[in-house]
Amino acid sequence: MNNGNNDFLPQGYQIHRSLDRFGEQDRAAYLAVNVKNKQPVILEEFQYKEPNLDEIKALCQLKHPGIPQFLESFETPRGICLVQEYKKASPIHNLSNLSPEAFKYIAKSILDILIYLQNQSPVVFHQNLRPENIWFDNQRQIHVVGFGLSRKAKGIAHSGGTKVFKSREQLANRPLSKATDLYGLGVSLICLLTGTKPTEIDDLVNQSGEITFERLVSSKISMDLINWIEKLAQPVAINRHKTASDALTALEEIYLYRHPEVKLDINQINLQANVLGQELRQTIKINNFVTDTNLQGKWEIASHPSDKRYSINPESWIKIQPSDFEGNKTRCQIIINTEKLMADKNYKRRLILHTNTLDKTQTIDIQVTTPPLVMQTPPYKSLGVITATSFVCFAIGWSVVFSFTHILTIVGFIAGITIGAKNGIILGFNDYDEFKIWSRVMAGFSTGAMIMGLFVVAGFLAGGMAGVITGLIGGGTMKKHLVKRFNYIHAGAMVLLATIFGAGVGILPYAGLIHPLALILLIGGGFPLGGIIGWLISENQKLLSEYENLKPSLARP
């Protein structure tokens with residue numbers, strides 16, 4: 001559309017030059033000067049036979065710092081001309097190497113203008129958003145220019161210019177919605193983010209009408225920002241944000257840079273101590289699989305009411321190594337010192353991992369169960385069973401010995417009880433392979449005893465019976481009860497001494513109290529056993545006293 005420099009002189013405007021409208025067929029734009037006040041203005045001439053005067057009136061009433069003021073309108077032989085104040089600014093397609101922060105600022109500024117337009121009654125549509133109609137000045141102020149003769153909310157759009165910036169509803173002359181101008185904004189932002197020229201944006205449109213641009217975006221830009229732009233530029237209006245306000249709200253929550261993601265191999269830790277004072281450990285694997293990012297993290301032990309109430313520092317019993325880390329593959333050790341915990345309790349705490357991810361924090365619940373306080377209580381019941389068993393077995397055995405009153409019977413009794421006790425202990429510990437060996441030994445001695453005569457057989461059988469039963473009861477009791485609370489030396493000593501003492505009591509009816517063997521068994525078994533029991537009681541009191549003294553400094557569940 002050609003126009004002479006003096007075409008608008010009757011209206012008081014001198015044209016300086018034409019402004020490029022990139023192929024629009026129904027409009028022309030000029031930089032001109034008001035001949036009266038010498039102020040520069042923009043003249044927008046629309047070649048419409050029947051211009052919408054209500055729309056022109058609505059445009060002239062707009063007052064927003066991002067929209068140059070519409071000053072007046074007048075008719076021309078070709079249609080109508082709008083006069084708009086001139087801003088000394090440049091189109092955003094001249095910008096390059098924008099930081100993500102600058103990009104977000106421009107997007108928010110345009111959305112702020114669109115929100116203003118959409119809050120008008122009736123709604124005002126721009127219909128012509130594209131990079132050459134979005135300007136920025138030296139004060140970093142964004143201005144939206146190049147309005148079409150915007151239709152009201154249920155108006156019909158006109159087409160013209162580069163079609164890729166027009167929404168489908170515009171091109172199909174369908175009713176517009178508040179999502180219409182978001183399409184042009186989305187395509188304009190794609191040009192700005194990727195450095196694509198407005199005349200080349202068509203090359204990015206695929207067969208379904210979507211613009212594929214992710215490969216052209218820096219790997220530092222977050223996928224959330226890319227997805228947000230993609231939603232703006234969706235071909236189908238229903239797939240876009242409904243309003244500019246919705247789009248701005250979504251943008252405010254987006255991180256600009258691509259962030260790492262935390263992948264933890266566990267989200268809960270359950271540890272159980274076997275003995276109080278045991279150090280417990282758990283390894284946590286922390287991974288980040290997002291390329292071109294670097295994961296950073298710092299551990300924190302969440303505050304717990306019990307720690308506050310008793311002024312206990314949880315770090316006194318929970319250690320995390322390393323507590324700070326940087327890297328995409330990290331192993332952290334959770335170390336629990338149960339010396340700082342109370343016995344027979346269940347502790348629950350929460351670990352917080354602060355990271356540079358979008359989620360910011362990850363949590364791991366930890367549960368630690370402590371065992372009861374190991375008391376060295378004398379095993380009265382077990383020792384009573386062993387003593388009673390020894391008493392009965394030896395009483396019966398000695399009755400046989402004293403019935404024969406022969407030296408060979410005593411020899412057989414001693415041999416039988418020795419081998420029988422060995423077999424009984426082996427059976428008590430369920431060592432069947434060794435029992436097979438010693439049963440053969442016992443069978444061999446039995447054969448020998450038979451050869452040597454009745455006296456030896458009688459003593460050997462009596463002693464073997466007493467030995468097997470006593471050994472079986474003593475060995476089983478030792479395995480199932482005593483070695484769980486005492487070491488093998490203490491447990492074995494108590495079993496042996498209780499057996500000896502029981503044997504001494506068992507021979508009293510036959511030998512008498514003053515018999516040397518009875519005295520040896522009673523004194524040799526009773527006194528040492530009593531000493532061990534006394535020592536255990538003393539150790540119990542000492543342990544309880546130490547625990548009670550430590551209790552105020554121990555962490556509470």
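This is a short chat about a predicted model, covering its cysteines, two helix pairs and the transmembrane annotation.

Biologist: How many disulfides does the structure hold?
Modeller: Zero. A disulfide is a covalent bond between the sulfur atoms of two cysteines.

Biologist: And cysteine 81, buried or exposed?
Modeller: Cysteine 81 has 0% relative accessibility, so it counts as buried. Cysteine 332 is also at 0% and therefore buried.

Biologist: Switching to helices. How do helix 2 and helix 6 cross?
Modeller: Helix 2 covers residues 100–118 and helix 6 covers residues 244–252; their axes come within 8 Å and cross at roughly 155°. Angles over 145 degrees count as roughly antiparallel, so that is what this pair is. The crossing is left-handed.

Biologist: Which residues make that contact?
Modeller: From helix 2, they include Lys104, Leu111 and Gln118. Helix 6 contributes Ala244, Leu248 and Glu252, among others.

Biologist: What about helix 4 and helix 5?
Modeller: The axes of helix 4 (residues 180–194) and helix 5 (residues 223–232) come within 7 Å, crossing at roughly 140°. That angle makes helix 4 oblique to helix 5. On the helix 5 side, Trp228, Ile229 and Leu232 meet helix 4 residues including Tyr183, Gly186 and Leu189.

Biologist: Where does UniProt put the transmembrane regions?
Modeller: Its unreviewed entry lists residues 382–401, 408–429, 449–474, 486–511 and 517–537.

Biologist: What is the chain like over residues 517–537?
Modeller: In the model, residues 517–537 are 100% helix and 0% strand. The end C-alpha atoms of that stretch are 30 Å apart.

Note on methods:
Residues numbered from 1 in each chain as written. Predicted model: local features only at pLDDT ≥ 70, side-chain atom pairs only at ≥ 80, totals over all residues. Heavy atoms only, no water. UniProt positions renumbered as here; feature names shortened; annotations may be inferred. Helix = DSSP H or I, 4+ residues; strand = E, 2+ residues; numbered from the N terminus. Disulfide = S-S within 2.5 Å. Buried < 20%, exposed > 50% of the residue type's maximum accessible area, 1.4 Å probe, protein only. Axes fitted to C-alpha atoms, helices over the stretch in contact; angles between N-to-C directions. Parallel < 35°, antiparallel > 145°, perpendicular 65-115°, else oblique. Left-handed = near helix turned anticlockwise from the far one by under 90°. Contact = heavy atoms within 4.5 Å.
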